[in-house]
Amino acid sequence: MGGTEHLTVRREGATLVLTLNRPEAKNALSLSMLVGLYDGWIEADADDTVRSIVLTGAGGAFCAGMDLKALAGKGMAGEQYRDRLKADPDLHWKAMLRHHRPRKPVIAAVEGYCVAGGTEILQGTDIRVAGESATFGLFEVKRGLFPIGGSTVRLQRQIPRTHALEMLLTGRAYSAREAAAVGLVGHVVADGTALDRALEIAEQVNACGPLAVEAVKASVYATAEMTETEGLADELKRGWPVFDTADAKEGARAFAEKRSPVYRRE
């Protein structure tokens, strides 16, 4: 199992848990973290025993975004990984889920700060849980910067445009309750329990047919910008083959026999 000093990787059953691990900097992005994230997404996609991914942060924070000290010229933590970025100049965007979408569902477990680049990474996840005291926001304009991690494109597609523009143009902080009210997160739970709730959701996902889960996720994203007619046609192309799998037959048998299904990705 991979990981770096700023990104830890562990298994919880069929769930791969990726933890941003730079708590002294509220998990601000480092080269080490970006490389670890990228490797984690690739590992999850390649391992058929992984059915879901949970992304969280250590030390009571999710991610405070870009390392502003590094931007000011003091050097970004993890310089030893510079060659990885030279080999793949797109690696950091893949790590932040801007240019990569894992096949497996990604569930975010947010505590504390999830701002700037943290909120941008969040937009690449599928299901989102936040602790009561979590803080969200895109602060870039307050620093004279641009939220180039995808937010000017994605945010308006995920929450109402008026709320997206307010978040983008004011650079203000949003509470977990505000983030839930506009639809940025789906669950708000007691502080310190976001990871537990995310793992519960992951277990529910893991109990479902993995081929069906991956096909459903792919269909949702592929059809998002299609017309309804185009989307429905695309859905049939993705959906019908699922009915022909051994897993689909196992699901029906298990239902008839009143037992839990045993899915084999077949």
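Here are three short exercises with worked solutions on a predicted model.

**Exercise 1. Work out how long helix α10 is, which of its residues are buried, and what those residues pack against.**

Step 1: Start with the span. α10 covers residues 210-222, so count 13 residues. From first C-alpha to last, the helix reaches 18 Å, close to the 18 Å expected at 1.5 Å a residue.

Step 2: Now pick out the buried positions, using the cut-off of under 20% relative accessible area. You get Pro-210, Val-213, Glu-214, Ala-215, Lys-217 and Ser-219.

Step 3: Look at what surrounds them. The buried residues of α10 pack against one strand, β4 (106-110), and against the helices α9 (194-206), α11 (228-243) and α12 (246-256).

**Exercise 2. Are α10 and α11 roughly parallel or antiparallel, and which residues meet?**

Step 1: Take the axes. They sit 10 Å apart, and the packing angle is about 175°.

Step 2: Angles over 145 degrees count as roughly antiparallel, so that is what α10 is relative to α11.

Step 3: List the contacts. Leu-211, Ala-212, Ala-215, Ala-218, Ser-219 and Ala-222 of α10 meet Asp-234, Glu-235, Arg-238 and Val-242 of α11.

Step 4: Sort this contact by class: six nonpolar, one polar and three charged residues.

**Exercise 3. Find which strands stand at the edges of the sheet β5-β7-β8, and why one side of each lacks a neighbour.**

Step 1: Read the order. This open sheet has three strands, β5-β7-β8, with mixed pairing.

Step 2: β5 (113-115) and β8 (174-175) each have a single partner strand, so one side of each has no neighbour in the sheet.

Step 3: Check one pairing. β7 (residues 135-137) runs antiparallel to β8 over two bridges, and Thr-135 has Ser-175 in β8 as its bridge partner.

Terms used:
Residues numbered from 1 in each chain as written. Predicted model: local features only at pLDDT ≥ 70, side-chain atom pairs only at ≥ 80, totals over all residues. Heavy atoms only, no water. Helix = DSSP H or I, 4+ residues; strand = E, 2+ residues; numbered from the N terminus. Buried < 20%, exposed > 50% of the residue type's maximum accessible area, 1.4 Å probe, protein only. Contact = heavy atoms within 4.5 Å. Pairing = 2+ DSSP bridges. Axes fitted to C-alpha atoms, helices over the stretch in contact; angles between N-to-C directions. Parallel < 35°, antiparallel > 145°, perpendicular 65-115°, else oblique. Nonpolar A, V, L, I, M, F, W, Y, C, P; charged D, E, K, R; others polar.
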